[in-house]
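I opened this notebook to keep track of what I looked up in one structure. The entries are short and follow the order in which I worked.

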Amino acid sequence: MTKGLLEFKQDKILVKGLSKEFSAAIEVPGDKSISHRAVMLGSLAAGKSRVSNLSLSGDNMATVAAFRKLGINIKKQNLNGSPKDFVIEGAGLHGLKEPESVINTANSGTLTRLLAGILAGKDFFSVMSGDKYLNSRPMRRIIEPLSLMGAKITGRNKNAYPPLAISGGGLKSIFYEVPVPSAQVKSCVMLAALFAEGDTVIYEKKETRDHTENLLKLQGYPVNVDVPVNGSGSLITVKGRGRGELKPFNIDIPGDFSSAAFFIALGILHKGSEITVGSILLNDKRAGFIKALKMMGADVNLTVTGEVPEKMGDIKAKYSTLKGITVPLELVPDMIDEFPIFSVIASFAEGKTTVTGAKELRVKESDRIKTIVYNLRALGVDIKELEDGFEINGNPDLKNGREPLTALNSFGDHRIAMSMIIAGLILKSGKIEISGIRCINTSFPEFFDTVSRLINQ
Ligand code: S3P
C-alpha cells in the first residue's frame, strides 16, 4: 500500500523525503498518560464518569480491557459520533472483582506499574503479564515499595520482571523516597496508598509528571503536595483507607504532548514550513522538550486555551536554524519520552548536543540509548553512546541524504519508529526503510493518517 511518500510492506515502511513546503494545523489523539489514569480512577470512583477524547492506543485499550476484567462496565458512548467518548461505571474504591485469568498488560509499563499499586490494595489474587518487551522491563522498583507496604508480590527472575503475581490487601502506610525519577513508581505508591492504613508520604527529589495528583484532586480526594523544608523536590501526602472517596468526573482529554512532538519536529526541520498542533496538554512537567528546543533557537510558541483537566493549548512551530546544546540535567525527566525525536532534531542542528543524566532511557520500550545510536549512525550521524545519554555532532548538511536506501529498525519501540519516519521525511534524497512499524499502535494508531494528511494537503 502507498500513501504519498510512505510505502508500506507488511511490518516495514519505505519513506521518501518531503519536497514541498507545508503550512498546516493538525490535532493528535488524547494524552496516553491521562487516558490510563482516567480509566483507572474512573473505575474506582463512586458513580459514572464520562471521558471524551480517550486515546484509542494499544496501551490505553489494554487498560480498558484490564478494568473490564476486574468487573467494571466501560462503554463507548458515541453521543456525538466520536469513537473516543466513554462512560465508566465506577464501582467505588472497594468494588473491583478478582480476575479469573491473567491480566494482559500488553506493551504498557504505565498500566503494569499503576495497576500493581491498585491490585496490591485488593484482598484477592491477580497476575499481570505483557508482551516480550514489557516482560523485560524492571519491576523491582515497584515490588520494593509495595512489599514495604505489606503486599505479597512476586515476579519473574527473582522479582525483577513480569509476569507479576499479587496477593493484596492489609496494606500499611509508608514514607517513601522514590529512588529514580519516575511518575509510574510515584503513582503506583499513591494508588496503593488509597487502600493503606494511615497517611502515605512520598518524596520526589525531582518532580515528575503529576497527572495522578491532579486527577485525584479533581475527584475531591485528600492529596497534598508540599515543598519540603530543604526546598527541593516535592512531598506528596495521600490519605489512607476510609479517609476519602473518589468522585466521578466528566473530562475531555487534551491532545498527547509526546505525539505532538513528532510534528513539532517536522515543522522545525522542514525548510519553509510551519505547523500548529491544537489542544495539546501543556503540563509543566512535560515541557522539557519545548524548553530545550527554544535553547537551540527554535521558533516554537504556545498559546494556553484551557486549564481543565490540566493546562492545554496550541503549539506553533516554524522552520528554524538550530544550534546544538547541552541539555540541562533538570530538564531530563521533563522530556524523557521525547529523546528519540529530540535526537533526530539534534542530528540536523549545527554543532554538538550532549544529553547526560538520562539512564532511564535504557529501560523504556527499548534501550533507547542503544536504539537511537544504532539508527542515527546508520543515517550517517556522528553520535557517541554514553552510559547515561549520548553526544551528537550535528550537521544540517545531513538533510541532503547520503545513500539511495538506508535500513533502520524500530526494535519494537513505537517512539523510535515514529522518530525515524520523521527523519526520513526530512531527507532531500534517498529513501529510508524502517522495519517494525506495527508497534506505533502502542501509542498513536492515527500516526500514518496524520502524516498523510499533512503531506498530501
Ligand atoms: C509515564 C511515566 C514515564 C513515561 C511513560 C509514561 C506515566 O515513565 O516515560 O511514557 O504515565 O506515568 P517513568 O515513570 O518510568 O519515568
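The entries below cover two sheets, the helices that pack on them, and the cysteines.

**Entry 1: the model**
I noted before starting that this is a predicted model.

**Entry 2: a sheet of four strands**
I looked up how the strands of this sheet are ordered. The order is β6-β7-β5-β16, and these four strands form an open sheet with mixed pairing. I then checked which strands lie at the edges. They are β6, residues 73-76, and β16, residues 250-252, and each of them pairs on one side only. On average, neighbouring strands of this sheet are turned by 15° against each other, with direction ignored.

**Entry 3: one pair within that sheet**
In what sense do β5 and β16 pair, and over how many bridges? Strand β5 covers residues 46-52, and its pairing with β16 is parallel, over three bridges. For a place to look along this pair, I picked V51, which stands opposite I251 in β16.

**Entry 4: the helix on the four strands**
I looked for a helix on this sheet and found α1, residues 32-43. Helix α1 lies across β5, β6, β7 and β16. Strand β7 spans residues 86-91, and α1 runs at about 40° to β7.

**Entry 5: a sheet of three strands**
I went on to another open sheet, whose three strands come in the order β20-β22-β21 with antiparallel pairing. Its edge strands are β20 (351-355) and β21 (382-386), each pairing on one side only. From one strand to the next, the twist averages 10°.

**Entry 6: one pair within the three strands**
I counted the bridges between β20 and β22, residues 389-394, and there are five. These two strands run antiparallel. Here I picked T353, which stands opposite I392 in β22.

**Entry 7: two helices on the three strands**
Which strands does helix α10 touch? Helix α10, residues 339-347, packs on the sheet and touches β20 and β22. The direction of α10 makes about 25° with that of β22. I also looked up α11, residues 368-378, which lies across β21 and β22. Helix α11 runs at about 160° to β21.

**Entry 8: cysteines**
I searched for disulfides, taking a pair of cysteine sulfur atoms within 2.5 Å as the cut-off. The count is zero. Are C188 and C439 buried or exposed? The cut-off for buried is under 20% relative accessible area. C188 counts as buried because its relative accessibility is 0%. C439 has 14% relative accessibility, so C439 also counts as buried.

Notes:
Residues numbered from 1 in each chain as written. Predicted model: local features only at pLDDT ≥ 70, side-chain atom pairs only at ≥ 80, totals over all residues. Heavy atoms only, no water. Pairing = 2+ DSSP bridges. Axes fitted to C-alpha atoms, helices over the stretch in contact; angles between N-to-C directions. Contact = heavy atoms within 4.5 Å. Buried < 20%, exposed > 50% of the residue type's maximum accessible area, 1.4 Å probe, protein only.
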